[in-house]
Amino acid sequence: MRLPIIAGNWKMNTTIDEAVTLVRDMLDKLDRIAGVEKVLCPPFISLSAVRALLLDSSIKLGAQNLHFEQKGAYTGEISPPMLAGLCEYVILGHSERRQYFGETDEIVNRKVKAALKAGLKPILCVGESLSENEAGKTEEIVTRQIKGALAGVDFTRDLVTAYEPIWAIGTGKAATGQQANHTIGLIRHTLSDLYGEPAAQAIRIQYGGSVTGANIAEFISQPEIDGALVGGASLKAPDFISIVQQTADAKQA
Ligand code: PEP
């Protein structure tokens, strides 16, 4: 049994004050939901403040990115050791990083290695664009991204993967549960090629892309889907709580 994991990716939203308010709005209810790992990923500048609020709770903290170098002349960047004492998870390879910041599979691979070396747990995102999807290239793309990101990386249970079709992110057009389950099954197959079947069965794979309280049940009822990476809906306390609660209910049923 894989423990479901719901992570909220706040992206470039919330000032420090807004982040604190958002956490306060969801903290008690979220904390009480058992049987689901809960992760909040605010912007870098809010990590310390959010960490202080989460200290005695069951809610984990994650960052949205890191640089693969340990330190040095990389103005504006944040290194793995800087995050290591602060949070447990880090989102890597998000399609927005690939699209707007030129992150290649090779860069994502360096980041995955650097994160694991620092004791951080990567949430590794993969997913195809609309044109790749329409050209029937989904399997080819996600397989390339998984193999590229994990080249030279030993199996670890600390790895979480997220299948996020780009056409579903922030568009309100989520994949269907069946579509997501199918592609996540392919991703697990690739993980099995890399690490063997028992290891692949131990790695959690989330779906991400326009997940809300209204559609989470469709995803979480699928056998291959172990949770969700949630963008927009993670910025609204009642929606995020509902997503986590429904996940707990479905997986405990
Ligand atoms: C994301 O950014 O990871 C995401 C899935 O966003 P949204 O839920 O808003 O589609």
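In this predicted model, a backbone N or O atom of S210 sits 2.7 Å from an oxygen atom of the ligand. Two glycines take part in contacts of this kind. For G170, a backbone N or O atom comes to 2.6 Å from a ligand oxygen, while a polar backbone atom of G231 is found 2.8 Å from an oxygen atom of the ligand. On its own the ligand has 290 Å² of accessible area, and the protein covers 96% of it.

The surroundings of the ligand comprise 14 residues, and K11, E164, G170, S210 and G231 are the closest. Sorted by class, this shell contains eight polar residues, four nonpolar ones and two charged ones. The backbone contacts described above thus involve residues from the closest set, including G170, S210 and G231.

Attention now turns to charged pairs within the protein. Side chains of opposite charge can pair when their charged atoms come close. The structure contains 13 salt bridges, and a few of them are worth following residue by residue.

One of these is formed by the side chains of E88 and K60, with an N to O distance of 3.6 Å. The two partners are 28 residues apart and connect distant parts of the chain: K60 belongs to strand 3 (residues 59-63), whereas E88 lies in the loop between helix 3 (80-84) and strand 4 (89-92). E88 has a relative accessible area of 25%, so this residue counts as partly exposed. K60 is also partly exposed, because its relative accessible area is 24%; the buried class would require a value under 20%.

A further charged site is centred on E103. The side chain of E103 meets that of R97 in a salt bridge of 3.0 Å, N to O. E103 also pairs with K111, and here the closest N and O atoms are 2.6 Å apart. How accessible is K111, buried or exposed? With a relative accessible area of 4%, K111 is buried. E103 is buried as well, its relative accessible area being 7%.

Elsewhere, salt bridges with shared partners join E37, K60, E88, K121 and R204 into one network. The pair of E88 and K60 described earlier, with its 3.6 Å separation from N to O, therefore has both of its residues in this network, and both are partly exposed, at 25% for E88 and 24% for K60.

Definitions and conventions. Residues are numbered from 1 along each chain as its sequence is written. This is a predicted model: local features need pLDDT of at least 70, side-chain atom pairs count only at pLDDT 80 or more; totals for chains, interfaces and linings use all residues. Side-chain values use heavy atoms; hydrogens and water are left out. A salt bridge is a side-chain nitrogen of Lys or Arg within 4 Å of a carboxyl oxygen of Asp or Glu. Helices (H or I, at least four residues) and strands (E, at least two) are DSSP runs, numbered from the N terminus. Buried means under 20% relative accessible area, exposed over 50%, partly exposed in between (1.4 Å probe, protein chains only). A residue is near a molecule or strand if one of its heavy atoms lies within 4 Å of it. A polar contact is a pair of N or O atoms within 3.5 Å; within protein, one must be able to donate a hydrogen and the other to accept it, and residues adjacent in sequence count only if both atoms are side-chain atoms. Accessible areas come from the Shrake-Rupley method with a 1.4 Å probe; for residues, only the protein chains shown count as cover. Ala, Val, Leu, Ile, Met, Phe, Trp, Tyr, Cys and Pro count as nonpolar, Asp, Glu, Lys and Arg as charged, and the others, Gly among them, as polar.
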